[in-house]
Amino acid sequence: MPTPSTSLWERYRTVAETRPEHSATIDEHGTAVTHGQLLARAERTAGGLVRSGLQPGDHLGVFLPNRHTWLVAALAGARAGIGILGLNTRFRATELDHLLTVAEVGTVLVADRFLGIDGPAILASLRRRPRALIDGEPGSTPDDGTTLAWAEIEADTATPDRTPSRQPTPADPAIGFTTSGTTGQPKIAMHTGAQTVAQLDAVIDSFGLDGSTVALVPLPLCGAFGYTV
């Protein structure tokens, strides 16, 4: 299959603008986000990421369970040219220290709490302590200079001076997946936007997916099988 000449962001924008009122995702609480809403949130968030100091070519770690925020971050990264590194919520200090160092990740999006796991505390314990963007309830983000509420990133107003002026390209880093690390430390496979679009097209063709398909995604979005769906 030839590699597409379109970026991941352009491919998604085409879908979203064609079917803006169609549900894109529905979470475990039954809350739906339409394609139009997801597109707007991602565009706004891309501006917020850039204003927070991230630049095209940088990498953002995503240490989250499956939720709307995961996809907002992934698409915002695609818009801004920021690579997303999916971090399994089962990883702890040893794996995270290794991965963040190898990928030169200085910022991580993390849930305030998940299944009793204190993600921000894990990040604070690392040798290479990243800046934490905390996805949680209002007031859950400590004001210590090393953390920022994700809600503030998403709330960034999409005005011309805040929306990234640079347009995404097919060669931009899109998503990085980690190996299980069963034979050593986890390793990273980073995919460009064009490679990701090619993979998605192959899955769509193989499974016969179309606009009427509803997919249950119990697999974690931080892994290739979950994200590809």
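**Backbone, helix packing and internal spaces of the predicted model**

Leu 115 lies in the loop that runs between β5 and α5 (119-124). In this predicted model, the phi angle of Leu 115 is near 50°, a positive value in a residue other than glycine. Most residues other than glycine have a negative phi. With a relative accessible area of 73%, Leu 115 is exposed. A positive phi, of about 50°, is also found at Glu 104, although Glu 104 is not a glycine. Glu 104 belongs to the loop between α4 (93-102) and β5 (107-111), and because its relative accessibility is 62%, where values over 50% count as exposed, Glu 104 is classed as exposed.

As a whole, the protein chain contains 8 helices and 9 strands. Of its 229 residues, 44% are buried. Among contacts in the protein chain with a separation of 6 or more, 65% are accounted for by residues 24 or more positions apart.

The packing of two helices was then examined. Two packed helices are described by the angle between their axes and the distance between the axes. For α1 and helix α3 (residues 68-80), the axes come within 8 Å and cross at roughly 120°. This angle falls outside the range of 65 to 115 degrees that counts as roughly perpendicular and is not over 145, and α1 and α3 are therefore oblique to each other. On the side of α1 the contact is made by Leu 8, Trp 9 and Tyr 12, and on the side of α3 by Leu 75, Ala 78 and Arg 79. By class, the residues of this contact comprise 5 nonpolar and 1 charged, with no polar residues.

Empty space within the model was considered next. Rolling a probe the size of a water molecule over the atoms shows where empty space is left. The search of the whole structure yields 2 cavities of 30 Å³ or more. The largest cavity has a volume of about 60 Å³, and its lining consists of Phe 63, Pro 65, Thr 89, Val 110, Ala 111, Phe 114, Ile 117 and Gly 119. This lining has 6 nonpolar and 2 polar residues, and no charged residues.

The second largest cavity, with a volume of about 30 Å³, is lined by Ser 7, Leu 8, Trp 9, Ala 78, Thr 169, Asp 172, Pro 173, Ala 174 and Gly 193. Leu 8, Trp 9 and Ala 78, which appear in this lining, also take part in the contact between α1 and α3. At least two residues of the lining are supplied by each of α1 (8-18) and β8 (173-178). The classes represented around the second largest cavity are 5 nonpolar, 3 polar and 1 charged.

Among the open spaces, the largest pocket has a volume of about 1,600 Å³. It is lined by 42 residues, of which Ala 24, Thr 25, His 35, Leu 71 and Val 229 are the closest to its centre. Two or more lining residues come from each of α1, β1 (23-26), α2 (35-51), α3, α7 (193-207) and α8 (224-228), and α7 gives the most, with 5 residues. The lining of the largest pocket divides into 24 nonpolar, 11 polar and 7 charged residues. Helices α1 and α3, whose axes cross at roughly 120°, are thus also among the elements that contribute to the lining of the largest pocket.

Notes
Residues are numbered from 1 along each chain as its sequence is written. This is a predicted model: local features need pLDDT of at least 70, side-chain atom pairs count only at pLDDT 80 or more; totals for chains, interfaces and linings use all residues. Side-chain values use heavy atoms; hydrogens and water are left out. On a 1 Å grid over the protein atoms alone, a cavity is a set of points where a 1.4 Å probe fits but cannot get out, and a pocket is an open set with protein on both sides within 12 Å along at least five of seven lines; lining residues have an atom within 4 Å of a point. Grid points are joined across faces, edges and corners, and a volume is the space filled by probe spheres set on the points. Ala, Val, Leu, Ile, Met, Phe, Trp, Tyr, Cys and Pro count as nonpolar, Asp, Glu, Lys and Arg as charged, and the others, Gly among them, as polar. Helices (H or I, at least four residues) and strands (E, at least two) are DSSP runs, numbered from the N terminus. Axes are lines fitted to C-alpha atoms, for helices over the stretch in contact, and angles run from 0 to 180 degrees between N-to-C directions. Angles under 35 degrees count as roughly parallel, over 145 as roughly antiparallel, 65 to 115 as roughly perpendicular and the rest as oblique. Contact means heavy atoms within 4.5 Å. Buried means under 20% relative accessible area, exposed over 50%, partly exposed in between (1.4 Å probe, protein chains only).
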